[in-house]
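Dear colleague,

Please find below the structure that I am handing over to you, together with its sequence. My notes on what was found in it follow directly after.

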Amino acid sequence: MEQTKCLIIGSGPAGYTAAIYASRANLSPVLYEGIEPGGQLTTTTEIENFPGYPEGITGTAMMEDLKRQAQRFGADVRFGIVTNIDFDVRPFVVTIDGEKQIEAETLIVATGASAKYLGLESEAKFRGMGVSACATCDGFFYRKQDVAVVGGGDTACEEATYLASICKQVYLIVRKPFLRASKAMQERVFNTPNIKVMFEYNTVEVLGDEDGVTGALLQHSSGEQTTIDITGFFLAIGHHPNTELFKGKLELDAEGYIKTVPGTSKTNIEGVFAAGDVKDPHYRQAITAAGSGCIAALDCERYLLSK
Ligand code: NDP
C-alpha cells in the first residue's frame with residue numbers, strides 16, 4: 001500500500017498553506033482536493049482583503065497560485081475525495097473515492113465549512129451574480145446600492161450593519177417575528193437608519209436578468225407578497241462544517257466543528273490535526289484559515305520529529 005508521512009484533506013487556503021509548510025519541511029505531503037477543489041473562495045468573485053494583493057485577485061486565481069506554490073516545493077496535489085479513514089490503526093488507513101487506500105502517519109483535516117443556502121433555483125442561478133453568502137468578501141461590490149440580507153442571527157446582523165455602512169439601503173429579511181442575535185447586535189441593527197428589518201418574510205424568488213440580481217419576491221406569513229429592488233442578495237443563515245466523515249471519531253462541538261486543544265491544531269487523536277473553517281465557526285476568513293494551515297503543518301512536523 002502507498003504510504004505518506006502527511007496526508008492533507010482539503011484544498012482551501014488552510015489545506016494549501018499546510019501543504020506549503022509541510023513540503024518545505026520535507027514531509028512530502030499528499031493533498032486530496034475534495035469535492036470542491038479550491039474550496040469556498042472559488043465561489044466568490046474578487047478577494048480584496050487578503051494581504052499582498054493590492055489590486056485584489058479572484059478566488060480562483062488565488063487558489064491556483066496557492067496550489068502552484070505548494071507544488072513548487074513538492075506537495076503531491078491530487079484530485080479525489082477521502083471517503084473513509086480508519087483511525088484505529090497506525091498508520092491511519094485512508095480510502096480515496098471508495099477504492100484506493102493509502103497509509104498516512106499524520107493527517108491534517110482542512111475540509112472547511114459550507115454556507116447554507118435557501119435552496120431556491122433562482123438563488124443558484126444568480127450565485128456570484130448578486131447572490132453571495134459572504135458580505136465581508138463581496139459587499140464592497142454593492143457600495144451605494146440597495147441590498148438584502150437573509151437571516152436573524154449574529155452573522156446576519158453583523159453583515160447587515162457592515163453593508164449599511166457602504167450601501168444605500170439594506171433589507172434584513174427575517175423569517176420569525178424576532179431576531180435571534182444578541183441584544184447588542186439587535187440594538188445596532190435597530191439604530192441603523194438605513195437597515196429595514198422585514199419580520200416574518202420568506203424569500204419566494206430571487207429576481208434578475210442577464211446582468212445579475214435586480215430584486216427579490218418576498219412573502220409575509222400573512223400570505224401577502226411584496227417585491228424589493230436590490231442588486232445584492234446575501235445569505236447569512238449559518239454554515240455547516242464539513243465533518244460528516246469524522247463523526248464519532250474526532251471530537252466535535254455541538255455544531256459539528258472539530259475541537260482542538262486551545263492555541264494548537266491538535267485534535268483528540270494523536271497525529272491528527274485540524275485547520276481552517278472546519279474548526280473555526282467565528283472568523284472564517286481566507287487569511288485566518290491560511291494561518292491555521294501553517295499552525296497545523298508546524299504541529300505535524302513537531303509531532304513527527306518527536307516520535
Ligand atoms: P445562527 O444559526 O445563529 O442564525 C441563523 C439565522 O438564519 C437564524 O435567524 C435562522 O432563523 C435563520 N435561518 C436559518 N435557516 C433559514 C432559512 N431557510 N430561511 C430563512 N432564515 C433562516 O447562525 P449565525 O451564522 O448567525 O451564527 C452562528 C454562531 O456564531 C452563533 O452562535 C452566533 O452567536 C455566533 N456569531 C457571533 C458573532 C459575534 O459575537 N460577533 C458574529 C457572528 C456569529 P431562525 O431564528 O428562525 O432559526
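In this predicted model, a backbone N or O atom of Gly153 is placed 3.3 Å from an oxygen atom of the ligand. Two side chains also make polar contacts with the ligand. For Asp154, an N or O atom of the side chain lies 2.5 Å from a ligand oxygen. For Arg175, the distance from a polar side-chain atom to an oxygen atom of the ligand is 2.8 Å. The protein buries 68% of the 920 Å² that the ligand exposes when taken alone.

As to the surroundings of the ligand, the shell comprises 14 residues, and the closest are Gly152, Asp154, Thr155, Arg175 and Arg180. By character, the shell residues divide into five charged, five polar and four nonpolar. Helix H5, which spans residues 154-166, gives the most to this shell, contributing three residues. With regard to pockets, the ligand sits in the second largest one.

I turn next to the charged pairs of the protein. Side chains of opposite charge can pair when their charged atoms come close. With a cut-off of 4 Å between a side-chain nitrogen of Lys or Arg and a carboxyl oxygen of Asp or Glu, the count comes to seven salt bridges. One of them joins the side chains of Glu33 and Lys67, with an N to O distance of 3.2 Å. Glu33 belongs to the loop between strand E2 (30-32) and strand E3 (46-47), whereas Lys67 is part of helix H2 (residues 59-72), so this pair ties together parts that are 34 residues apart in sequence.

Two points of backbone geometry may be of interest when you inspect the model.

- The peptide bond that joins Arg90 and Pro91 is cis, with omega at about -10°. Pro91 is located in the loop between strand E6 (82-86) and strand E7 (92-96).
- Glu200 has a phi near 65°, which is a positive value in a residue other than glycine. Glu200 is found in the loop between strand E13 (195-199) and strand E14 (201-209).

Should you wish to begin with the ligand, the contacts of Gly153, Asp154 and Arg175 are those described at the head of these notes.

With kind regards

Notes
Residues numbered from 1 in each chain as written. Predicted model: local features only at pLDDT ≥ 70, side-chain atom pairs only at ≥ 80, totals over all residues. Heavy atoms only, no water. Near = heavy atom within 4 Å. Polar contact = N/O pair within 3.5 Å; in protein donor to acceptor, adjacent residues only side chain to side chain. Areas by Shrake-Rupley, 256 points an atom, 1.4 Å probe, with all protein chains shown as cover. 1 Å grid on protein atoms, 1.4 Å probe; cavity = no way out; pocket = protein on both sides within 12 Å on 5 of 7 lines; lining within 4 Å. Sits in = over half its atoms within 2 Å of the grid points. Helix = DSSP H or I, 4+ residues; strand = E, 2+ residues; numbered from the N terminus. Nonpolar A, V, L, I, M, F, W, Y, C, P; charged D, E, K, R; others polar.
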